[in-house]
Amino acid sequence: MYAIAIIRYRRPLDEVLQVVDAHRAYLGTLYDAGTLLASGPLDPRSGGALLLRVPDDSVQESLDAVRDNDPYVKTGMAQYELLPWAATTGREKLDRL
């Protein structure tokens, strides 16, 4: 199963930027584990988006863990909107990533 996570900042950008290195290091661990396929900030910079791959048998638990372990969430800098996504068009290409 795939998912899209929308991250919305809850604090001013100058405060969020104080945690950005820890957030990006965390995303690096998700990428290395194969959970994170792509990520980046929104434009204008009000948050970000993640494209995730999670196990079919534990979708919600996996997504909750992604959110709850993010330094942005732990420090109150941002909130997540987690959207499980049943990709159809292009799924073969995603599966090869």
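Let me start with the contacts in the protein chain of this predicted model: among those between residues at least 6 apart in sequence, 68% join residues at least 24 apart.

The elements come next. The secondary structure of the protein chain amounts to five helices and four strands, and, if you follow the sequence along, they appear in the pattern β-α-α-β-β-α-α-β-α. The radius of gyration is 13 Å, close to the 13 Å that the globule rule gives for 97 residues, so the protein chain is as compact as a globular protein of that length. If you prefer to think in terms of extents, the C-alpha trace spans about 40 × 25 × 20 Å along its principal axes.

Now to the interior, where buried residues account for 36% of the 97 residues in the protein chain. The largest nonpolar core has 22 residues, and Leu50, Leu52, Leu63, Tyr72 and Tyr80 are those with the most contacts inside it. Two or more residues of this core are given by each of strand S1 (2-9), helix H2 (20-32), strand S3 (47-53), helix H3 (59-68) and strand S4 (78-85).

Which residues does Leu63 touch, once its neighbours within four places in sequence are left aside? Leu63 is in contact with Ala3, Leu52, Val54, Leu82 and Pro84.

Finally, the outside and the charges. The protein chain exposes about 5800 Å², of which carbon and sulfur atoms supply 52%. As for charged side chains, the protein chain has 11 positive and 14 negative ones, and the centres of these two sets lie 3 Å apart.

Key. Residues numbered from 1 in each chain as written. Predicted model: local features only at pLDDT ≥ 70, side-chain atom pairs only at ≥ 80, totals over all residues. Heavy atoms only, no water. Core = buried A, V, L, I, M, F, W, Y, C linked by side-chain atoms within 4.5 Å. Buried < 20%, exposed > 50% of the residue type's maximum accessible area, 1.4 Å probe, protein only. Contact = heavy atoms within 4.5 Å. Rg over C-alpha atoms; globule rule 2.2 N^0.38 Å. Areas by Shrake-Rupley, 256 points an atom, 1.4 Å probe, with all protein chains shown as cover. Lys, Arg positive; Asp, Glu negative; His and termini not counted. Charge placed at Lys NZ, Arg CZ, Asp CG, Glu CD.
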